[in-house]
Structures are given as C-alpha cells and as structure tokens.
Amino acid sequence: MKFDLSKGIPEPKVQLFAGRTTWTWCVAVSPDEKMLVVVGNSSDPTIRRFDIGSGKQIQPALTGHSGSVEGLAFTHDGLWLASADNDERLHLWTTKDWSQVSVVNANRALKDVCSHPHEPLFACCGEGDTLFFLDPTTGVRRDVESLGHFGHFRCAFSPNGQVLAVGGNGGSLSLIEVSSPRAVWSIHVGTHAIWSMLFLDDQTLLVGSEDGNVYRVEVGSGSASVALSAGFQIRSLALACGGQILFVGGKVGGFDGRLRSYDLAEGRQVREDIKFNETLDSLHLFGEGRYLACSKHPVGRGDGYDS
C-alpha cells in the first residue's frame with residue numbers, strides 16, 4: 001500500500017511478496033529496513049526472507065520449526081533473529097550466515113517475542129504464564145516469576161528498555177522491571193484478550209483489545225482509560241507521523257480484515273477503512289513512517305505497503 005502521509009492518506013497501492021502457500025502468521029522488518037521476514041502456520045512454518053526494494057525472495061529459507069510461528073523479532077543491531085512457535089520452542093538465528101544457533105524449550109506454546117531497543121535481549125511470552133528473557137550473545141535465560149495469569153499473548157519493551165509490558169487472556173496486563181525481573185503492577189484492561197500493544201513514550205502504553213477498544217495506560221500508576229473505540233477485534237497497532245496517526249488492524253466477524261487510521265490526538269478516523277478478506281495480524285511501519293508491512297490470514301500472504 002502506498003501512503004504519502006505528508007499529504008494525508010490516499011487510496012493505497014499494494015505490493016505482494018510471493019512465496020507463501022499457507023497462512024501468514026507474522027512478519028518482521030530488519031533494522032536496516034532492507035529485509036522483510038515472513039512466516040506461516042504449522043502447514044508450512046518455513047521462514048522466508050524478501051528484499052524490500054525488489055520484492056524478491058532471498059535464499060536460503062530458514063527451516064526447523066514444526067509448529068505455527070507466532071512471533072518474530074530482530075535484535076536492535078540486526079545480528080540476531082528470534083522466532084517463537086506454538087510447539088513450545090524459541091529458535092535463535094545468527095544473521096551473519098543465517099544458521100540456527102540454538103533452540104530454547106519453553107514447555108508451553110509461545111505467542112510472541114520482542115527485542116530490547118538498545119541491548120541484545122529478547123523477551124518471549126506464551127501460554128500457562130510463560131514469560132522469560134534471553135540474551136542471544138550468552139544464551140542465558142531469565143524466567144519471570146508467575147504473574148498468576150493464564151496465557152500471555154503480546155509483549156513490548158518501553159522505548160528506554162527499562163520495563164516490559166505483557167498482555168494476554170481476559171485483559172490481563174502486567175508491567176515488568178527488566179533489571180529484576182519482577183512485576184511492578186498487574187491489572188485487567190477490559191475483559192477480553194489483549195493482542196496488541198505499543199508504547200507512545202516511556203510513560204504511556206497503548207493496548208489493543210479483542211473488545212474493539214484501544215486503551216491508554218499510564219505506566220507509572222497502571223491506570224487505564226479508553227482512548228478510542230474501533231468496533232472490531234483489534235489484533236495490531238502501528239504509529240506514524242511522529243505518533244500523530246495510529247493504524248489499527250484486526251477483523252470483523254470471522255476473518256474479514258480491517259485496516260483503519262486515526263488521528264490519535266483527536267480520536268477521529270482519518271479515512272475510510274481498507275477492507276481485506278483476511279484478518280490483519282501484524283503491522284510494522286518503517287522507512288521513516290512511509291511504509292507499512294502487514295501479515296494476513298487465512299489466505300496467507302505477506303504484504304508490503306509503501307509510499
């Protein structure tokens with residue numbers, strides 16, 4: 001999709017990245033913004049890499065997963081890639097030669113992995129209160145003590161890297177101090193599952209809920225309020241224009257996908273919904289906010305959107 005955000009948000013143009021034959025679960029963009037990484041469900045959990053400029057697939061593809069890959073993340077320096085699957089394993093790859101370095105057994109299905117903004121450190125979460133940190137340079141794993149929640153679906157580091165937010169089943173939301181690691185606070189935001197989160201800054205967190213609301217959470221106090229109501233199940237969030245425009249992706253009903261843009265300060269919709277026949281599960285802005293990459297399922301293609 002082409003977005004020229006300096007002139008508003010016109011009708012988009014779409015660039016499709018071929019090579020997938022099954023559902024596309026998640027995507028990731030390399031820190032140098034030259035590579036798009038796409039992966040799918042258990043029918044074909046092969047990790048495929050694409051050159052963003054040409055759209056061509058880069059060889060070799062990365063194999064080794066046996067379950068659906070639910071999360072992908074690069075370290076801030078681009079030297080490591082982590083991939084988490086629902087077959088209870090976190091795979092670690094070095095981008096030096098794209099070989100698999102290690103496999104971490106989590107003993108529960110994994111749902112997400114994210115990377116620290118300044119250090120070589122991953123956070124990974126999953127079912128059954130699974131939550132841990134992994135240093136890819138040493139292989140050292142630090143588990144977070146039980147938070148008393150059944151299922152963590154999404155995690156995100158604050159911009160300064162001092163805290164980690166983790167959300168999941170039943171609207172559970174916790175803030176973890178990275179250095180400890182221990183819980184600073186735990187609350188419930190609504191009663192539905194949390195599938196998306198992003199920090200506006202070190203003090204403010206946006207949470208997208210399955211109940212159709214985007215919540216604004218104050219990091220210091222843990223207080224939450226409704227920032228806007230989308231009216232459909234929210235699966236992904238992305239910020240553009242210096243935090244002025246919020247993209248909201250998700251689904252209406254079964255698998256009817258929606259992509260909507262809001263003026264965050266005013267809480268008003270910027271343009272008409274962009275409709276898909278698949279759920280939008282993952283949004284990534286890059287290229288100084290001019291490009292948007294997303295994954296869709298069940299048809300299963302990784303889509304790149306550019307301005």
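**Overview of the fold.** Strands are DSSP runs of E of at least two residues and helices runs of H or I of at least four, both numbered from the N terminus. With that in hand, the chain shows zero helices and 29 strands. This is a predicted model, in which local features need pLDDT of at least 70 and side-chain atom pairs pLDDT 80 or more, while totals for chains, interfaces and linings use all residues. Residues are numbered from 1 along each chain as its sequence is written, and side-chain values use heavy atoms, with hydrogens and water left out. Of the 307 residues of the chain, 57% are buried (under 20% relative accessible area; exposed is over 50%, partly exposed in between; 1.4 Å probe, protein chains only). Among the contacts (heavy atoms within 4.5 Å) with a separation of 6 or more, 41% join residues 24 or more positions apart.

**View A. The largest pocket and its lining.** The space in the largest pocket comes to about 1500 Å³. Its lining counts 49 residues, and Cys114, Met197, Leu237, Leu283 and His284 are the closest to the pocket centre. A pocket here is an open set of points on a 1 Å grid over the protein atoms alone, where a 1.4 Å probe fits, with protein on both sides within 12 Å along at least five of seven lines; lining residues have an atom within 4 Å of a point. Points are joined across faces, edges and corners, and the volume is the space filled by probe spheres set on them. Look along the chain for the strands that each supply at least two lining residues: S2 (24-29), S6 (69-74), S10 (110-115), S14 (152-157), S18 (194-201), S22 (233-240) and S27 (279-286). Strand S27 gives the most, with seven residues. By class, the lining has 28 nonpolar, 13 polar and eight charged residues (nonpolar: Ala, Val, Leu, Ile, Met, Phe, Trp, Tyr, Cys and Pro; charged: Asp, Glu, Lys and Arg; polar: the others, Gly among them).

**View B. Aromatic pairs.** The structure holds three aromatic pairs, two of which are described here. Phenylalanine 74 and tryptophan 98 form an edge-to-face pair, because their ring centres are 6.4 Å apart and their planes stand at 90 degrees (centres within 6.5 Å, with the six-membered ring used for Trp; under 30 degrees is stacked, over 60 edge-to-face, the rest tilted). Phenylalanine 74 sits in strand S6 and tryptophan 98 in the loop between strand S8 (89-94) and strand S9 (99-105), so the pair ties together parts 24 residues apart in sequence. Both phenylalanine 74 and tryptophan 98 are buried. The pair of phenylalanine 133 and phenylalanine 157 is tilted, with 6.2 Å between centres and 45 degrees between planes. It links distant parts of the chain, with phenylalanine 133 in strand S12 (residues 131-134) and phenylalanine 157 in strand S14, 24 residues apart. Both phenylalanine 133 and phenylalanine 157 are buried too.

**View C. Arginines over rings.** Arginine 141 lies over the face of phenylalanine 132, 4.2 Å from the ring centre (NZ of Lys or CZ of Arg within 6 Å of the centre and within 35 degrees of the ring normal). Arginine 235 takes up such a place over tryptophan 195, at 4.2 Å from the ring centre. Beside tryptophan 195 in sequence, serine 196 is found in strand S18. Serine 196 counts as buried because its relative accessibility is 4%. Leaving aside residues up to four places away in sequence, serine 196 touches Arg154, Leu206, Val207, Gly208, Ile234, Arg235, Ser236 and Leu237.

**View D. The loop of proline 159.** Proline 159 is found in the loop between S14 and strand S15 (163-168). At 36% relative accessibility, proline 159 is partly exposed. Not counting residues up to four places away in sequence, proline 159 touches Pro117, His118, Phe199, Asp201 and Asp202. Its C-alpha lies 9.7 Å from that of leucine 198, 39 residues away in sequence.

**View E. Backbone details.** A cis peptide bond, with omega about 0 degrees, joins glutamine 59 and proline 60, and proline 60 has its place in strand S5 (residues 57-62). The bond from serine 180 to proline 181 is also cis, with omega near -15 degrees, and proline 181 is in the loop between strand S16 (172-177) and strand S17 (182-188). Glutamate 88, a residue other than glycine, has a positive phi near 75 degrees. Glutamate 88 lies in the loop between strand S7 (80-85) and S8 and is partly exposed, at 30% relative accessible area. Asparagine 107 has a positive phi near 70 degrees and lies in the loop between S9 and S10. With a relative accessible area of 52%, asparagine 107 is exposed.
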